[in-house]
Amino acid sequence: MSKKVIVIGSGPGGYPAALRLKELGAEVCIVEAWDFGGTCLNRGCIPSKAFLDTGHRVHAFEGLRGLLREGSGVNFSADMLDWEKVKARRADVILKLRTSLEKLFQAKKIEVIRGKAAFSAHHEVTITFPDGRTEKREFDAAILAAGTRPSFPPPFRDYHAELADSDRIFDLPKLPKSLLIVGGGVIGLEFACFFNAIGVKVEVLELLPDILNGEDPQVTRAVRSSFEKRGVKFHLGKKTVKLDVTPDLKTVELEDGAKLQAEEILVGAGRAADLAGMGLETLSLGWDRRGVKVNDRMQTAVPEVYAVGDVNGISLLAHSASRQGEIAADNILGGDRAFDESIVPKCVYAWPEVGSVGLNKAQAEAKGLTVKTARAFHLGIGRAVAAGETEGFAQLVFSIDDETVLGAQLVGGPATELIHVLALAVKLKLRRRDLKELIYAHPTMAEAIHEALHK
Ligand SMILES: Cc1cc2nc3c(=O)[nH]c(=O)nc-3n(C[C@H](O)[C@H](O)[C@H](O)COP(=O)(O)OP(=O)(O)OC[C@H]3O[C@@H](n4cnc5c(N)ncnc54)[C@H](O)[C@@H]3O)c2cc1C
């Protein structure tokens, strides 16, 4: 008899798990309390990239300004954008992708249940439908893929309703003239890049001493410097002690007494699992701020319950969630796969783009490894100069003894695409000499990697 598996949550952790389970012959259903496709499709990766694409078009047009014929009459400026149309374009992108995902589930004949699931006993969930009705379902195995929600640290927590977060920012009724972004992580920076490009005055406030926590300092310096040239102001290592919120102006008071003011505040200071009411205590399954603990097979302390994606706090990236979902599905059906965090590409889709994989120098040294780095700047790369995009570099991290590639950091150009070549190098434990064997097409941005290999 086939195994009965229930998947809770239809984000990039849950839906690939359900597809894989079906493929492997399980009797599978997926429960979703909100929009099919989860945070990634509806309020995360996809809408933010639709916004960034709009911003990038404005940015690219700015680059053309110097080439216009005098008196040509073109007088474009970012404030000519229609905010309603920008939002509508993002909604259209989401609808297209969500519809095709829903059709895929119909075609595969996977049962999709619209409701909120909670564990009500071992091997049982209770689903509460939007009209209040409930239904119990039994399972042999369950995959919890319930994701995370934006978190509001104090003192922002007290003003939750009056401030924007990464869900609400997509639907702001009116484009603010100024925006203070709390949090200099990937989410904060991508929004900073977009809103700056479309003419909003943007400041970024970060509690830690630098942006992009854990990223190589060469990378963060390059990103900060590029953003600053475009007018984004950073306040790093600053703690907020007080907030004053009126309908037109929001004021943040910092520990050092300085005050920052903006028409709108976006709190992008991390995300946390919201598992209250999910019946985890029924299973004696605990969780903390990071999420539900799992082993590398994605199994919780209750062997038949797996937890994948943001909810386990391991990686908070859509592609990690998807891989974990597939691993959990395989393991439920007798497989023995583990999640390898070391080859997860980490990307920032702003400009300059950032792609990094494996270890940076500090991370390698913290593990007791002796490493050397090699870096080539885009300033000397033909394709970069021709495109007028000379910001950034390619940096590789090698072990000192046999020059195995341990990691890479790319800034600028199509860094989020190129990083996959280097992820392969890390995965296959390639050496510097192996990468030198490739022939790098000319002129391409990949030549920066080639240059770095010869440093
Ligand atoms: C603005 C923004 C931009 C981002 N950009 C990127 C990016 O470019 N690249 C990237 O890799 N990551 C990005 N992320 C992160 C990415 O969105 C998440 O890592 C990813 O969505 C996690 O997938 P998940 O399946 O674990 O959870 P989610 O996508 O959050 O899905 C969880 C689903 O579970 C449902 N659910 C919760 N509880 C229940 C319940 N009790 N019953 C039924 N359903 C339930 C929720 O409604 C939700 O739909 C971004 C995030 C944000 C906020």
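Two strands are taken as paired if DSSP finds at least two bridges between them. By this criterion, strand 23 (residues 371-377) and strand 24 of the predicted model are joined by seven bridges and run antiparallel. Within this pairing, Arg375 has Gln395 of strand 24 as its bridge partner. Strand 24 also pairs with strand 25 (residues 405-411), in the antiparallel sense and over six bridges. Here the bridge partner of Gln395 is Gln409 of strand 25; Gln395 thus has a partner in strand 25 and is itself the partner of Arg375. Strand 24 and strand 25 form a hairpin with five residues between the strands, and in this hairpin Glu403 takes a positive phi near 60 degrees. Strand 24 (residues 393-399) is largely enclosed by the rest of the structure, because six of its seven residues are buried.

The overall architecture comprises twelve helices and 25 strands. For a chain of 455 residues, a compact globule would have a radius of gyration near 23 Å, and the value of 24 Å for the protein therefore agrees with that of a compact globule. The C-alpha trace spans about 70 × 60 × 45 Å along its principal axes. Of the 455 residues, 43% count as buried. Among contacts with a separation of 6 or more, 66% are between residues 24 or more positions apart.

The ligand is surrounded by 36 residues, the closest being Gly9, Gly11, Gly38, Gly147 and Gly309. Two or more residues of this shell are given by each of strand 2 (27-32), helix 2 (38-43), helix 3 (45-64), strand 4 (116-121) and helix 7 (318-332). Helix 2 provides the largest share of the shell, with four residues. By residue class, the shell around the ligand divides into 18 nonpolar, 14 polar and four charged residues.

Helix 7, one of the elements contributing to the ligand shell, is mostly covered, with twelve of its 15 residues buried. The buried residues are Ala318, Ser320, Ala321, Ser322, Arg323, Gln324, Gly325, Glu326, Ile327, Ala328, Ala329 and Ile332. These buried residues pack against strand 1 (4-8), helix 1 (14-23), helix 2, helix 3, strand 7 (141-144) and strand 20 (305-307). Helix 2 and helix 3 are thus packing partners of helix 7 and also give residues to the shell around the ligand. The end C-alpha atoms of helix 7 are 21 Å apart, which agrees with the 21 Å that its 15 residues should span at 1.5 Å a residue. Just after helix 7, Gly334 takes a positive phi of about 100 degrees.

Helix 4 (residues 83-107) was examined in the same terms. Its 25 residues reach 36 Å from the first C-alpha to the last, close to the 36 Å expected at 1.5 Å a residue. A positive phi of about 55 degrees is found at Lys109, just after helix 4.

A further element of the fold is an open sheet of five strands in the order 9-16-10-11-12, with parallel pairing. Its edge strands are strand 9 (164-165) and strand 12 (233-236), each of which pairs on one side only. Within the sheet, strand 10 (residues 178-182) and strand 11 (residues 201-206) run parallel and are joined by five bridges. Val182 has Leu205 of strand 11 as its bridge partner.

The loop between helix 5 (186-197) and strand 11 contains Ile198. With 19 other C-beta atoms within 10 Å, Ile198 is partly exposed, since a buried residue requires 20 or more. Beyond its neighbours within four places in sequence, Ile198 is in contact with Gly55, Val58, Ala78 and Leu81. Ile198 and Leu52 are 146 residues apart in sequence, yet their C-alpha atoms are 9.8 Å apart in space.

Antiparallel pairing is also found between strand 13 (residues 240-245) and strand 14 (residues 250-254), which are joined by five bridges. In this pair, Leu243 stands opposite Val252 of strand 14. The connection from strand 13 to strand 14 is a hairpin through four residues.

Definitions and conventions. Residues numbered from 1 in each chain as written. Predicted model: local features only at pLDDT ≥ 70, side-chain atom pairs only at ≥ 80, totals over all residues. Near = placed C-beta within 6 Å. Nonpolar A, V, L, I, M, F, W, Y, C, P; charged D, E, K, R; others polar. Expected span 1.5 Å × (residues − 1). Contact = placed C-beta atoms within 7 Å. Rg over C-alpha atoms; globule rule 2.2 N^0.38 Å.
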